[in-house]
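User: I should like to go through the assignments in this structure one at a time. Please set each value against its criterion before drawing a conclusion.

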Amino acid sequence: MGRPAVWKTGSWRLSTGWRGPGDLEAQIWELLRKVADDVAIWQSLASRYQGDVFCGWQMNSGNEGVFLPPPLLQALGERRLALNLDVYGTSEEDEA
């Protein structure tokens with residue numbers, strides 16, 4: 001047998017699954033309920049790894065917004081988690 005492989009990159013992933021219509025706030029809270037609340041654990045992880053909450057968001061029209069309340073943003077910040085939004089809009093052909 002050879003030496004064990006040591007990867008320099010990787011990921012841990014959690015998912016809430018697709019929802020339509022989506023509820024971004026509720027889905028992020030759902031993710032946070034699946035992991036440790038202890039901020040010290042998150043700070044330790046953040047000193048070694050880069051974390052983010054990745055969200056794909058399909059808009060129904062060309063001008064749509066989303067609101068995330070301060071307690072949710074604070075919870076992400078305390079855990080040193082970036083919010084990564086991948087926003088998809090409709091094309092002019094789709095709207096016609």
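User: Why is arginine 79 called buried?

Analyst: This is a predicted model, and the values are computed from it. Arginine 79 has a relative accessible area of 8%, and buried means under 20%, so arginine 79 is classed as buried.

User: Where is arginine 79 found, and with which residues is it in contact, leaving aside neighbours within four places in sequence?

Analyst: Arginine 79 is found in the loop between α3 and β2. With those neighbours set aside, its contacts are Leu32, Ala36, Asp37 and Trp42.

User: Why does arginine 80 count as partly exposed?

Analyst: Arginine 80 has a relative accessibility of 47%. Buried requires under 20% and exposed over 50%, so arginine 80 counts as partly exposed. Its place is in the loop between α3 (70-78) and β2 (81-88).

User: What is notable about phi of arginine 80?

Analyst: Phi of arginine 80 is near 60 degrees, a positive value in a residue other than glycine. Most residues other than glycine have a negative phi.

User: How many aromatic pairs does the structure hold?

Analyst: The structure holds 1 aromatic pair. Tryptophan 12 and tyrosine 49 form this pair, with 5.2 Å centre to centre and 75 degrees between the planes.

User: What makes the pair of tryptophan 12 and tyrosine 49 edge-to-face?

Analyst: Ring centres must lie within 6.5 Å to pair, and planes over 60 degrees apart count as edge-to-face. At 5.2 Å and 75 degrees, the pair of tryptophan 12 and tyrosine 49 is therefore edge-to-face.

User: Which parts of the chain does the pair link?

Analyst: The pair links distant parts of the chain, 37 residues apart. Tryptophan 12 lies in the segment before α1, and tyrosine 49 in the loop between α2 (39-48) and β1 (51-58).

User: Are tryptophan 12 and tyrosine 49 buried, partly exposed or exposed?

Analyst: Tryptophan 12 has 69% relative accessibility and counts as exposed, because the cut-off is over 50%. Tyrosine 49, at 44%, counts as partly exposed.

User: Why is tryptophan 29 called partly exposed?

Analyst: The relative accessible area of tryptophan 29 is 28%. Partly exposed lies between the cut-offs of 20% and 50%, so tryptophan 29 is partly exposed. Its place is in helix α1 (residues 24-33).

User: Which residues does tryptophan 29 touch, not counting those up to four places away in sequence?

Analyst: Tryptophan 29 touches Pro71, Leu72 and Ala75 on that count. The C-alpha atoms of tryptophan 29 and leucine 76 are separated by 9.6 Å, although these residues are 47 residues apart along the chain.

User: Which residues of α1 are buried, and what covers them?

Analyst: The buried residues of α1 are Leu24, Gln27, Ile28, Glu30, Leu31 and Leu32. Their cover includes β1, α3 and β2.

User: How do you know that the chain departs from the radius of gyration of a compact globule?

Analyst: A compact globule of 96 residues would have a radius of gyration near 12 Å, but the chain has 17 Å. The C-alpha atoms fill a box of roughly 60 × 40 × 20 Å along the principal axes. Buried residues make up 19% of the 96 residues.

User: What pattern does the chain follow along the sequence?

Analyst: The chain has 4 helices and 2 strands, in the pattern α-α-β-α-β-α. Among contacts between residues at least 6 apart in sequence, 76% join residues at least 24 apart.

Key:
Residues are numbered from 1 along each chain as its sequence is written. This is a predicted model: local features need pLDDT of at least 70, side-chain atom pairs count only at pLDDT 80 or more; totals for chains, interfaces and linings use all residues. Side-chain values use heavy atoms; hydrogens and water are left out. The radius of gyration is taken over C-alpha atoms; the globule rule is 2.2 Å times the number of residues to the power 0.38. Buried means under 20% relative accessible area, exposed over 50%, partly exposed in between (1.4 Å probe, protein chains only). Contact means heavy atoms within 4.5 Å. Rings of Phe, Tyr and Trp (its six-membered ring) pair if their centres lie within 6.5 Å; planes under 30 degrees apart count as stacked, over 60 as edge-to-face and the rest as tilted.
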